[in-house]
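Let's take a walk through this one together, chain by chain and then across the contacts. Have the viewer open as you read.

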Amino acid sequence: MSGRRPSLRSAIGAMLAKELRLELRAPQLLPAMALFSVATMIVFHFSLQRDAVAGSLAAGVLTVTLLFSAMLGIARLFVADHEEGGFDGFLLAPVDRSALLIAKAMALFLFLVIMEVVAVAAYALLLLEPAAGARLLGQTALTLLLADVGIAVIGTLVGALAVQTRARDLMVPVIALPLLVPVVIATAKLLAPTFAQGGAEALPGQWLAVLGLYDLVFGLLAYGLFDFLVED
Amino acid sequence: MPETAVELEGLTRRYGGREALADVTLSLERGRTLVVFGPNGAGKTTLLRVLATLLRPHAGSARVLGHDLAREGWAVRGRIGFLGHQPLMYRDLSARENLRFHARLHGVSFERVDALLERVGLAARADDPLHSYSRGMVQRAAVARAVLHDPELLLLDEPTANLDPHAAELVEPLIGRSSGRTRVVTSHDPVGGLADADVALGLRAGRVRLLADAAAVTREQIGELYR
Amino acid sequence: MYAPRLPVWSVATLIALVGGFAVAAFVAPMDADQGFMQKIFYLHVPLAIVALVGFVFAGVCGVMHLRSGEPLWDLRSYVAIHVSLILGIAVLITGAIWGRAAWGVWWEWREPTLVSFLIVFLLYCTYQPLRFSIEDREKQSRYASVFAIVAGAFVPLNFIAVRMATPYIHPRTLDAANENLPGWMLGAFLLCLLGVALLYVTLWKYEMAHKQLTFRLRALQRRLGGEVPTTRSAAPDLSL
């Protein structure tokens, strides 16, 4: 027998490398998410009839834009595998099954971060009124990183649930959006002082705690439940 | 090492409201080949997938390589090679990349990947994406994937369906009778299938209609299954 | 056979509900600002509390189902969500009526219980469509349990987040209610809460009994060799 049982870490590493390689070779998620976010900002400009936004309005516009772009990514997360015969290839391997979804969540997190780099840059150029200084960018980065963990976890769970259904593209936003409301609330509450008219103000600590708690609870829950979504 | 590679008793697997496999009982010794016949929907693929631990039995017992599938499925993975209707590889990646991915999941060295690519005659095109391959080439790559980790039991769903004679020759020592491995093979070809096997199983509507030594089975008996 | 003591539960529910509402309507003091319509509060808040607890209970049933693999737990989870959804519709309607009577609006964003309830309600509305679109029964049950668990954990988190987000300018009714519930008001409230809780349990038992009986019937029909038409229901079919 020329094989041995690979560890969870190497299984995750192999899956993650495969996800990234696939996305580089045949981009599905990233261009769509990035383009969609910029298009959404244009729509906001016209629908709100504003040239520039600040404060809580700016926070809201960015949060909505990122959230809906994320929905696109989540819907597509499992499609490639589903088309190529599901997870059978992975399921036949002598590895811990949760490696699959952990790797998917990590990949989604990375894609969200990359998309947000583009989106925030575009936002600063197109719609954001306050100047994009170090403090504004730093606080935005912290907020979005925390939010992305939650979106990645929920997105992987919902994506895995929805890929089995017949109306996949409808199911994902309909289930994911209510689940992400706490993330939306916290993100908006954190970005509003960041985008304040007169310059970035301090972050309200309790909302960072809310994001952290959300990430922790659902992260642990997802880790425990992933197995049941991959079996059979 | 157990003498019996596969031991099924009353194996049942449901799908929706009907039974895809019902009360299947058989046993297969190491190193022997079981050929499975039956019309579409008879349960051949389901049987293979249960043996591959991709599906769990709903009733009855299934022991593969000495382990109970319902409780110790994880112990058997890595010792089974599965070749289904789909190649289980990503079309946008090359054969080498796909095989290396599976190698990492099975703890197999990259040298073995290269060696297998040679053996199935894909070394020259190993770095081209799979979507540029012909059906026969994809099938050969799938064969390489199936035997990458040197499995003791092979589960093959119509393995030579897309292969020309030359390609079939190339893969014979890997997945054929001469490989010496225990094999469960589905087939629609009575003559070739029987010649290649030790035991023959005929399924219809999920039930066992025929189970005998391959040498003793006639073409007419196989034909009856499809009536 | 499937629902022992169902009549007992029904009677107890009836007594508690009628008693609770009688106390609320006639004995408890009238609210100075809102008048008689404030009495809707005795119905609306208990309904909300019981429905939310029901959702969390469904999540617990989901955990039990995943751990044991017993389809009965999946049925319990399904019925719990179903009954909670029914109560939920009542929550939203009574909330709207109360809001209209008390503050002249059909919807009030500053009522965090109501707002978080709307979000939870929208989430659980996806439960049945999700079940419907997965054809394999076992997979459907498993996925439904995962959903019930995630959604059940979501209920308290969501409530906390929405509550924190709501500005404290407008007097929050639940808070206000808890603080200024003197004597008979508190008594009436607790009695109504008991009544609604009993209502939930009784409805749950009724539906469980109904479903189990249907499945038993179907299983027997199948055994007799008859064709059993499968009905359009998202509920896990235990006869299989």
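**A walk through chains C and B**

Let's begin with chain C, where 41% of the 240 residues count as buried. Keep in mind as you look around that this is a predicted model.

What is chain C built from? Its secondary structure comes to 8 helices and 0 strands, so to speak a plain run of α-α-α-α-α-α-α-α when you read along the sequence. The contacts in chain C reach far along the chain: taking pairs at least 6 apart in sequence, 80% join residues at least 24 apart.

Now split chain C up. The domain assignment gives domain 1 as 1-28 + 185-223 and domain 2 as 39-169, so domain 1 is written in two pieces of sequence. Between the centres of the two domains of chain C, taken over C-alpha atoms, there are 19 Å. Where they meet, 15 residues of domain 1 of chain C are in contact with 15 residues of domain 2 of chain C. On the domain 1 side, the elements that give two or more residues are α1 (6-27) and α8 (183-223) of chain C. The largest share there comes from α8(C), with 12 residues. That side of domain 1 of chain C divides into 13 nonpolar, no polar and 2 charged residues.Next, follow chain C out to chain A. Here 24 residues of chain C are in contact with 25 residues of chain A. Two helices of chain C, α4 (112-124) and α6 (137-165), each supply at least two residues of the side that touches chain A. Which helix gives the most to that side of chain C? It is α6(C), with 16 residues. By class, the side of chain C that touches chain A has 18 nonpolar, 3 polar and 3 charged residues.

Chain B also touches chain A, with 27 residues of chain B in contact with 25 residues of chain A. Helix α3 (residues 95-106) of chain B gives the most to the chain B side, with 6 residues. Sorted by class, that side of chain B has 12 nonpolar, 6 polar and 9 charged residues.

Stay with chain B and look at its overall build. The secondary structure here comes to 8 helices and 10 strands. Its C-alpha trace spans about 45 × 40 × 35 Å along the principal axes. What radius of gyration does chain B have, and what would a compact globule with 227 residues have? Chain B has 17 Å, which agrees with the value near 17 Å for a compact globule of that many residues. Buried residues make up 49% of the 227 residues in chain B. As for contacts in chain B with a separation of 6 or more, residues 24 or more positions apart account for 67% of them.

To finish, zoom in on strand β6 (residues 80-83) of chain B. Which way do its residues point? Ile80(B) and Phe82(B) point one way from the strand, while Gly81(B) and Leu83(B) point the other way. That fits a general pattern, because in a regular strand the side chains alternate between the two faces of the sheet. Buried or exposed, on either side of β6(B)? All four of these residues, Ile80(B), Gly81(B), Phe82(B) and Leu83(B), are buried. A partner strand of β6(B) is β7 (residues 153-157) of chain B: 4 bridges join the two, and they run parallel. Across that pairing, Leu83(B) in β6(B) stands opposite Leu156(B) in β7(B).

Notes
Residues are numbered from 1 along each chain as its sequence is written. Chains are lettered from A and ligands numbered from 1 in the order in which they are written. This is a predicted model: local features need pLDDT of at least 70, side-chain atom pairs count only at pLDDT 80 or more; totals for chains, interfaces and linings use all residues. Two residues are in contact if their C-beta atoms, placed from the backbone, lie within 7 Å. Ala, Val, Leu, Ile, Met, Phe, Trp, Tyr, Cys and Pro count as nonpolar, Asp, Glu, Lys and Arg as charged, and the others, Gly among them, as polar. Domain bounds come from an automatic or database domain assignment. A residue is buried if 20 or more other C-beta atoms lie within 10 Å of its own, exposed if 12 or fewer, and partly exposed in between; C-beta atoms are placed from the backbone. The radius of gyration is taken over C-alpha atoms; the globule rule is 2.2 Å times the number of residues to the power 0.38. Two strands pair if DSSP finds at least two bridges between them.
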